[in-house]
Amino acid sequence: MKRKINNIEIEIKKGNIADQPDLDVVVNAANAQLAPGGGVAGAIHSKAGPNLYAECRPLAPIAPGEAVITKGYGLPNKFVIHCLGPVYGRDKPEDKLLSSCYTNSIALAEKRSLTSIGFPAISTGIFGYPAHLAIDVVFKAVPAILPELEHVKKIRFVIFSEEDFHLYESILKELATE
Ligand code: AR6
């Protein structure tokens, strides 16, 4: 499903964040050490290969809400933005930190003049952020930054679970103007 908000395409897609060949950059739900892990980080590092972790190592550690950019190596994308989401119940305030993940990542893409970016549902796996609460944060943070963007023209949310995919779709339908 696709909708335009502020003339920027917002898309919801079910699938694997490591398999989005038409995007300039994908976002990794990283750990503080930017090391290969499970979930999204596992999928991204295994597809990118060991050169990705070699570039990541000197950039670590990062703090919750922070984002850094590397090349994509074996991924079909030119770049990866690594963002550390909050651990739900530990890193506070969770909503502000999660919001920063999205806005800092989009700002990094914009700074590099990239036109398309893909996000997984940061923090909603191992970090335990309830999906319905995370979606509310995402759909407040992202529309707020859209009027500032000149380069980014497409933002895709790549959602793994069927249930979360339908939640994203229903919220986007309410928000979209076109
Ligand atoms: N593509 C898209 N979404 C995915 C994929 C995938 N390949 N795999 C899982 N998801 P998580 P977090 C969904 O745990 O909560 C890592 O080990 C998943 O269903 O990857 O931010 C890191 O190293 C969930 O909804 O990220 C960190 O230590 C969402 O993506 C820690 O986990 C995020 O799940 C980060 O935890």
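A molecule sits in a pocket if more than half of its atoms lie within 2 Å of the pocket's grid points. By that test, the ligand of this predicted model sits in the largest pocket.

**Figure 1. The ligand in the largest pocket.** The pocket holds about 600 Å³ of space. The ligand has 21 residues around it. N16, N31, G38, V40 and T124 are the closest of these. Helix 1, residues 39-48, gives the largest share of this shell, with four residues. Sorted by class, the shell has 12 nonpolar and nine polar residues. Charged residues are absent from the shell.

**Figure 2. Polar backbone atoms at the ligand: I17, I126 and F127.** At I17, a polar backbone atom is 2.9 Å from a nitrogen atom of the ligand. At I126, a backbone N or O atom lies 2.9 Å from a ligand oxygen atom. At F127, a backbone N or O atom lies 3.0 Å from an oxygen atom of the ligand. How much of the ligand's exposed area does the protein bury? Taken alone, the ligand exposes 700 Å², and the protein buries 88% of that.

**Figure 3. The lining of the largest pocket.** This lining is made up of 28 residues. Nearest the pocket centre lie A29, G39, V40, G125 and I126. V40 is also among the residues closest to the ligand. I126 also brings a backbone N or O atom to 2.9 Å from a ligand oxygen atom. Helix 1 and strand 7 (154-159) each supply at least two lining residues. The largest share, four residues, comes from helix 1. By class, the lining divides into 16 nonpolar, 11 polar and one charged.

**Figure 4. Two cis peptide bonds, at P61 and P93.** Most peptide bonds are trans. The bond that joins A60 and P61 is cis, with omega about 0 degrees. P61 is in the loop between helix 2 (50-56) and strand 4 (67-71). The bond from K92 to P93 is also cis, and its omega is near -5 degrees. Where is P93 placed? P93 is in the loop between strand 5 (79-83) and helix 3 (94-111).

**Figure 5. The backbone at Y73.** Most residues other than glycine have a negative phi. What is the phi of Y73? Phi of Y73 is near 50 degrees, a positive value in a residue other than glycine. Y73 is in the loop between strand 4 and strand 5.

Notes: Residues numbered from 1 in each chain as written. Predicted model: local features only at pLDDT ≥ 70, side-chain atom pairs only at ≥ 80, totals over all residues. Heavy atoms only, no water. Near = heavy atom within 4 Å. Polar contact = N/O pair within 3.5 Å; in protein donor to acceptor, adjacent residues only side chain to side chain. Areas by Shrake-Rupley, 256 points an atom, 1.4 Å probe, with all protein chains shown as cover. 1 Å grid on protein atoms, 1.4 Å probe; cavity = no way out; pocket = protein on both sides within 12 Å on 5 of 7 lines; lining within 4 Å. Nonpolar A, V, L, I, M, F, W, Y, C, P; charged D, E, K, R; others polar. Points joined across faces, edges and corners; volume = space filled by probe spheres on them.
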